[in-house]
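Please open the structure in your viewer and keep the selection tool at hand. The tour below goes from one selection to the next and says what is there at each stop.

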Amino acid sequence: MFFSRSRKSAARSTAFRIPEGQRVYAIGDVHGRFDLLRLLLERIEQHRSATDPQRTQSRLVFLGDYIDRGTESREVIEAVRAGQEEQGWTCLTGNHEAMLLAALDGQLDWEVWLANGGVETLFSYGLSARDFTASGRLDELGPAITEAMPASHLAFLRGLPTHVEVGDYFFCHAGVRPGVALEQQSPEDLMWIRDVFLDSRSDHGKRIVHGHTPQMEPEILPNRINVDTGAYLTNRLSCVILEADQVQVIHT
């Protein structure tokens, strides 16, 4: 069986809801695992075909971190970029996209990005990190990436939004800062926050759907849903299906 209804959602006086006639498939951190992305998209299509697609408007929301760690970042970016352009997929930015762009813009040392999975991303674009690190040529890495990466990929990464809202749900990569209105959240928190958000039991006004912090299973809690199941290590790429006040899970 490819999908199951969660039993972890907590009761609330007013349930969080997706607007009538709509359904959202929210997909966690892909991290260069194009093989898992392809399989998950097949299972999403099976679910859509089995559940009256003519009466329901489906929307795919990707929660960021398409690159790094896995070996097929280039293929992942091409797939989600094309889906955004041709099928209207919503693609959010993650902290790994932010690290690459910061390094390209001279705001982050290349060693930081490389140590966090950038080596694998370079390899997917036909570049070897060792060619630059071993010979002290890190200053040449930016121009080499710009030449190796299709302009459409770089434009895609630079154009990614930090969040989107659908009904009573707020989607972002990492989470939100408790006590701060959703419209006033900082991009840094939306891409990077962890403990202060993860430990909070506050009602943030909307239910937060996020990735960024890997778990073995999706976390479905009263105030948030974590969809990151560490695909690059676990071989499990996960998706939550949100429709009306229901939550279901698909994973590889």
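## A tour of helices and rings

Begin by selecting Gly106, which follows helix α3 and has a positive phi, near 75°. Please keep in mind throughout that this is a predicted model.

From Gly106, step back to α3 itself, which covers residues 95-104. How many of the residues of α3 are buried? The count is 10 of 10, so that the helix is described as mostly covered. Selecting them highlights Asn95, His96, Glu97, Ala98, Met99, Leu100, Leu101, Ala102, Ala103 and Leu104. If you now display the surroundings, you will find that these buried residues pack against four helices, namely α4 (110-124), α6 (141-148), α7 (151-158) and α8 (187-192).

Next, add α4 to the selection and look at how it meets α3. Two packed helices are described by the angle between their axes and the distance between the axes. For α3 and α4 the angle is about 150° and the axes are 9 Å apart, which makes α3 roughly antiparallel to α4. The crossing of these two helices is left-handed. To see the contact, show the side chains of His96, Met99, Leu100, Ala103 and Leu104 on α3, together with Trp110, Val112, Trp113 and Asn116 on α4.

Now select Leu141, which lies in helix α6. Is Leu141 buried or exposed? With a relative accessibility of 0%, Leu141 counts as buried. Once its neighbours within four places in sequence are set aside, Leu141 is in contact with Trp110, Leu114, Leu122 and Phe132. A distance line from the C-alpha of Leu141 to that of Ala129 should read 8.4 Å, although 12 residues separate the two in sequence. Phe132 deserves a selection of its own, since the charged end of Arg137 sits over its ring, 4.9 Å from the ring centre. A second arrangement of this kind can be found by selecting Phe197, where the charged end of Arg224 sits over the ring at 5.8 Å from its centre.

The next stop is the pair α2 and α7, whose axes come within 10 Å and cross at roughly 70°. The two helices are therefore roughly perpendicular to each other, and α2 passes α7 in a left-handed crossing. On the α2 side, the contact is made by Arg74, Ile77, Glu78, Val80, Arg81 and Gln84, and on the α7 side by Ser152, His153, Phe156 and Leu157.

Keep Phe156 selected, and add Phe62, Tyr66 and Trp89, because ring pairs link these four residues into a cluster. A search of the whole structure finds 6 aromatic pairs. One of them joins Phe62 and Tyr66 in a tilted arrangement, with 6.4 Å from centre to centre and 55° between the planes. Phe62 counts as buried at 0% relative accessibility, and Tyr66 likewise counts as buried at 0%. Phe62 also forms a tilted pair with Trp89, at 5.2 Å centre to centre and 35° between the planes. Since Phe62 lies in strand β3 (residues 57-62) and Trp89 in the loop between α2 (73-87) and β4 (90-91), this pair ties together parts that are 27 residues apart in sequence. Trp89, the last selection of the tour, is buried as well, with a relative accessible area of 11%.

How values were computed:
Residues numbered from 1 in each chain as written. Predicted model: local features only at pLDDT ≥ 70, side-chain atom pairs only at ≥ 80, totals over all residues. Heavy atoms only, no water. Phe/Tyr/Trp six-rings, centres within 6.5 Å; stacked < 30°, edge-to-face > 60°. Buried < 20%, exposed > 50% of the residue type's maximum accessible area, 1.4 Å probe, protein only. Lys NZ or Arg CZ within 6 Å of the ring centre and 35° of its normal. Contact = heavy atoms within 4.5 Å. Axes fitted to C-alpha atoms, helices over the stretch in contact; angles between N-to-C directions. Parallel < 35°, antiparallel > 145°, perpendicular 65-115°, else oblique. Left-handed = near helix turned anticlockwise from the far one by under 90°.
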